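Hi,

Here is the model I said I would pass on. Have a look at it first, and my notes follow underneath.

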Amino acid sequence: MSKILMIEDDLELAEILTEFLEQYDFQVTTEDDPFKALSILKLEKFDAVILDLTLPGMDGLEVCEAIRARQNIPIIISSARSDVTDKINALELGADDYLPKPYDPRELEARIHSVLRRYDAASELASESACDFKLNESAMQISYKNRPLELTNAEYGILAHMIKKQGMVVSREDLIHNVSAINEDSSNKSIDVMMGRIRNKLGDKALIESIRGIGYKLLK
């Protein structure tokens with residue numbers, strides 16, 4: 001049974017969608033307060049998030065960005081906001097799908113299954129290819145496909161951190177604060193430059209995906 005967190009302030013709609021989805025073996029938790037929803041995500045594991053954009057106290061786009069900055073979880077936007085800019089912004093911030101209201105609950109169920117299949121496939125691929133990287137922290141050495149990489153201390157720190165968070169989105173700020181070889185006064189631009197050098201040394205630029213406005217994700 002897949003666990004879904006629905007962040008929706010229209011409780012009548014949330015109840016209708018919950019009753020429908022439960023017929024398909026989804027366990028749905030509903031929260032109308034975005035701040036409480038983010039707290040719940042820290043404490044419990046969910047398989048997907050259904051997110052409204054018009055919420056009390058915090059815009060849904062901000063919620064989307066906050067979720068994506070720390071979790072690799074499917075996010076489906078469910079919103080009555082019809083401005084194409086909202087859709088573009090949501091997708092750029094890491095949403096996986098955008099479903100404009102009103103819609104048939106059957107379409108939501110189909111979208112959830114679709115995005116869960118994509119994530120499952122990506123997770124299997126990451127697991128199969130995880131052995132491509134070998135991290136030796138005592139020697140500060142990383143090998144990719146049995147080829148030792150010649151990395152600076154900062155590049156080693158970045159890639160080591162990415163390997164530990166493989167498949168998750170890592171923000172530039174996260175790298176600046178958690179990689180000791182990077183000066184805390186470093187700019188996002190300097191992180192982008194170092195990431196470009198790492199991609200070149202790996203020999204496969206597609207390994208590290210850029211997440212616009214947030215940071216990067218190591219795909220393999």
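Which residues in H6 meet which residues in H8? On the H6 side they are Ala154, Glu155, Ile158, Leu159 and Met162. Their counterparts in H8 are Met194, Met195, Arg197, Ile198, Lys201 and Leu202. Sorted by class, this contact of H6 with H8 has 8 nonpolar and 3 charged residues, with no polar ones. Before I go on, keep in mind that this is a predicted model.

As for how the two helices sit, H6 covers residues 153-164 and H8 covers residues 188-202. The angle at which they pack is about 80°, and their axes are 10 Å apart. H6 and H8 are therefore roughly perpendicular to each other.

Next, the sheet that goes with these helices. It is an open sheet of 3 strands, ordered E9-E11-E10, and the pairing is antiparallel. At the edges are E9 (169-171) and E10 (208-211), each of which pairs on one side only. From one strand to the next, the twist averages 30°.

Going through the pairs:

- E9 with E11 (residues 215-218): the two are antiparallel, paired over 3 bridges. Here serine 171 is opposite glycine 215, and valine 170 is opposite tyrosine 216.
- E10 with E11: these strands also run antiparallel, joined by 4 bridges. Glutamate 209 has lysine 217 in E11 as its bridge partner, while isoleucine 211 is partnered by glycine 215.

So glycine 215 turns up on both sides of E11: it stands opposite serine 171 and is also the bridge partner of isoleucine 211. The hairpin of E10 and E11 has 3 residues between the strands, and within that hairpin glycine 213 has a positive phi near 80°.

How do the helices lie on this sheet? H6 lies across E9, E10 and E11, and runs at about 60° to E11. H8 packs on the sheet too, touching E10 and E11, and its direction makes about 155° with that of E10.

H6 also has a second sheet to deal with. This one is open as well, with 3 strands in the order E6-E7-E8 and antiparallel pairing. Its edge strands are E6 (133-136) and E8 (147-148), and each pairs on one side only. E6 and E7 (residues 141-144) are paired antiparallel over 4 bridges, and one of the partnerships there is lysine 134 with serine 143 in E7. H6 lies across E6 and E7, at about 120° to E6. That puts H6 in the description of both sheets, across E9, E10 and E11 as well as across E6 and E7.

Which element gives the most to the lining of the second largest pocket? That is H6, with 6 residues. The space in this pocket is about 160 Å³. The residues lining the pocket are Glu137, Met140, Asn153, Tyr156, Gly157, Ala160, His161, Lys164, Asn178, Val179, Ser180 and Ala181. By class, the lining has 5 nonpolar, 5 polar and 2 charged residues.

Last, some backbone points to check while you have the model open. Most residues other than glycine have a negative phi, and most peptide bonds are trans. These three go the other way:

- Lysine 101 to proline 102: this peptide bond is cis, with omega near -5°. Proline 102 is in the loop between E5 (97-100) and H5 (105-129).
- Aspartate 25: phi is positive, about 65°, although the residue is not a glycine. You will find aspartate 25 in the loop between H1 (11-22) and E2 (26-31).
- Lysine 145: another residue that is not a glycine but has a positive phi, here about 55°. Lysine 145 belongs to the loop between E7 and E8.

If you want a place to start, try H6: H6 meets H8 through residues that include Ile158 and Leu159, and H6 gives the most to the lining of the second largest pocket.

Cheers

Technical notes. Residues are numbered from 1 along each chain as its sequence is written. This is a predicted model: local features need pLDDT of at least 70, side-chain atom pairs count only at pLDDT 80 or more; totals for chains, interfaces and linings use all residues. Side-chain values use heavy atoms; hydrogens and water are left out. Axes are lines fitted to C-alpha atoms, for helices over the stretch in contact, and angles run from 0 to 180 degrees between N-to-C directions. Angles under 35 degrees count as roughly parallel, over 145 as roughly antiparallel, 65 to 115 as roughly perpendicular and the rest as oblique. Contact means heavy atoms within 4.5 Å. Ala, Val, Leu, Ile, Met, Phe, Trp, Tyr, Cys and Pro count as nonpolar, Asp, Glu, Lys and Arg as charged, and the others, Gly among them, as polar. Two strands pair if DSSP finds at least two bridges between them. On a 1 Å grid over the protein atoms alone, a cavity is a set of points where a 1.4 Å probe fits but cannot get out, and a pocket is an open set with protein on both sides within 12 Å along at least five of seven lines; lining residues have an atom within 4 Å of a point. Grid points are joined across faces, edges and corners, and a volume is the space filled by probe spheres set on the points.
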